[in-house]
Amino acid sequence: MSAVQTTKMSNWRWVICALLFLATTVNYMDRQVLSLTWKDFIAPEFHWNDNDYGTITGWFSIFYAIANLFAGKFIDWMGTKKGYLIAIFVWSTGAVMHAGCGWVAMNIEGYDSIETLRMVQAGSDAAVAIATVSVWLFLSCRMILALGEAGNFPAAIKVTAEYFPKKDRAFATSIFNSGASVGALAAPATIPLLARAWGWEMAFVIIGALGYVWMGLWVWAYEKPAKNKRVNQAELNYIEQDADIADVQGRQEAKEEKTIPFLDCFKYRQTWSFIVGKFMTDGVWWFFLFWAPAYFSDQYGYTSDSAMGIALIFTLYAICTVLSIGGGYLPKIFVEKYGMNPYAGRMRAMFIFACFPMLGLFAQPLGAYSAWWPAILIGLLGAGHQSWSANIFSTVGDMFPKSTIGTITGIGSMAGGVGSFLINKGSGMFFTWADDQGAAFSMLGFEGKPAAYMVVFCICAVAYLIGWCIMKALVPKYKPIVVE
């Protein structure tokens, strides 16, 4: 037996996967600080209503969408090591900058303290001016946050394609993608308590600074597999098992150098399939990410820093985290046990996951009995989304050459950002309007803002099945793109 055959395979790819998980966790914690502090800590100071918050979250989604249009190309051009470092530096800096918005607003409006801002009469011209200035300040910081965060998934998907064979990519993606759930899980257990103990400003500073710690770990751990001294030949062979011998020998000189021009990407049905899948579903996750704390505060009176409020949000994302990890393993079962190709196995799994969000139809009605029902059902919906997300990202690696993965991921994420803008800004306007209408607006037995929540929950429930049907129509069978 050769030395390669007898050498025990190293497992550095899982260390890299753990770093991707950690980056995604930090990414979502940074994103969650605002949603967990705005209703109970920030809004009273700046006199925000739901529409103001919807403006911030909606335009954040647009900034994120635009950044995603270029982030993938940037990662492909810059490389995963440097590109990832730059991305997390930018978003961590943007996160920390939120802490200064109150001080800047206070000085622009000519007040001597934050408490004076809070004491301005609600609905007055002064209150409107404070709200307007503060919204623009937060939007500026969110723009920087979005610019950096847009690089996370294109970089992570590209690293996954570099370090894992096709059969393992959905599982690896589900692991690092579960960082979104873990980040959203850790956030309610820490951020409201930080805000209550030291002020909402310190919550932004402490959570934002975690990204700088990650940068040091990334510099230490990452190199491409063939150049990484911690990856032995046995592991490298495992990683490259999808390639033909000739491809292994000539990839660096030929295929790795070729990429699909940006505009040419839109000529392929595979690109549009990914675009539709992201557009229809990303907004659902972002809606619950941004609005769940406010929902439990509005509908049930549990503030984000109350024991019950923390328990509800924690439970919601605990369900997402635990169940979503298995979502990446399901297509592997279809491939290995039933002999399906990776795309067919992934699409079958995605259909199953697309059915989970239908449970959201029952969240608001059952909430009349207990707030735990919406927490559990939205958690199951979120688990379906995270499992869906892990697999839809992996379809890019199935269909496109590695040199273009970052670009396609960025394009799809841009589409997801547009969908998120529509649902977040639209929801903010809708909730404010429904609250003003009161009993004059009703839906399925609910009135006012509860009726508006019911409408949005219904939209979220059916989005995945619609998206899956369109994706299947565009790319009915496995058809990888070959760059000549």
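A nonpolar core is a set of buried Ala, Val, Leu, Ile, Met, Phe, Trp, Tyr and Cys residues joined through side-chain atoms within 4.5 Å. Buried means under 20% relative accessible area, exposed means over 50%, and partly exposed lies in between (1.4 Å probe, protein chains only).

The model is predicted: local features need pLDDT of at least 70, side-chain atom pairs count only at pLDDT 80 or more, and totals for chains, interfaces and linings use all residues. Residues are numbered from 1 along each chain as its sequence is written, and side-chain values use heavy atoms, with hydrogens and water left out.

**Exercise 1. The core**

Task: Find which residues touch the most other members of the largest nonpolar core, and which helix gives the largest share.

Solution:
- Step 1. The largest nonpolar core has 142 residues; W48, F138, W218 and F287 touch the most other members.
- Step 2. Helix 2 (residues 12-46) supplies the largest share of this core, 17 residues. Helices here are DSSP runs of H or I with at least four residues, strands are runs of E with at least two, and both are numbered from the N terminus.
- Step 3. Take F138 and list its contacts (heavy atoms within 4.5 Å). Beyond four places in sequence, F138 is in contact with L34, I42, F46, W48, I56, H98, C101, W200 and F204.
- Step 4. Add the background: in soluble globular proteins, nonpolar side chains tend to be buried together.

**Exercise 2. The cysteines**

Task: State how many disulfides the structure holds, then check C101 and C458.

Solution:
- Step 1. Apply the cut-off: a disulfide is a pair of cysteine sulfur atoms within 2.5 Å.
- Step 2. The structure holds zero disulfides.
- Step 3. C101 is in no disulfide; its nearest cysteine sulfur belongs to C141, 3.7 Å away. C101 is buried, at 3% relative accessible area.
- Step 4. For C458, the closest cysteine sulfur is in C460 at 9.2 Å, too far for a bond.

**Exercise 3. Salt bridges**

Task: Work through the pairs E115 and R118, K224 and E162, and K267 and D264.

Solution:
- Step 1. Set the cut-off: a salt bridge is a side-chain nitrogen of Lys or Arg within 4 Å of a carboxyl oxygen of Asp or Glu. The whole structure has 13 salt bridges.
- Step 2. E115 and R118 pair at 3.8 Å, N to O. They sit three residues apart in helix 6 (residues 114-119), so about one helical turn separates them. E115 is partly exposed at 44%, and R118 is partly exposed at 34%.
- Step 3. K224 and E162 pair with their closest N and O atoms 3.3 Å apart. K224 lies in the loop between helix 10 and helix 11 (233-239) and E162 in helix 8 (residues 152-163), so the pair ties together parts 62 residues apart in sequence. K224 is partly exposed at 37%, whereas E162 is buried at 10%.
- Step 4. K267 and D264 pair at 3.2 Å between their closest N and O atoms. K267 is exposed at 65%, while D264 is partly exposed at 27%.
- Step 5. Shared partners also join K39, D50, D298 and K449 into one salt-bridge network.

**Exercise 4. K449 and G448**

Task: Place K449 and G448, and list what each touches.

Solution:
- Step 1. K449 lies in helix 20 (residues 449-474). K449 is buried, at 8% relative accessible area.
- Step 2. Leaving aside neighbours within four places, K449 is in contact with K39, D50, D298, Q299, F431, A434 and D435.
- Step 3. G448 sits in the loop between strand 2 (446-447) and helix 20. G448 is buried at 4%.
- Step 4. Not counting residues up to four places away, G448 touches A434, G438 and F441. From G448 to F431 the C-alpha distance is 8.1 Å, across 17 residues of sequence.

**Exercise 5. Positive phi**

Task: Compare the settings of H47 and L444.

Solution:
- Step 1. Phi of H47 is near 60°, a positive value in a residue other than glycine. H47 is in the loop between helix 2 and helix 3 (50-78), buried at 18%.
- Step 2. Phi of L444 is near 50°, also positive in a non-glycine residue. L444 is in the loop between strand 1 (442-443) and strand 2, exposed at 59%.
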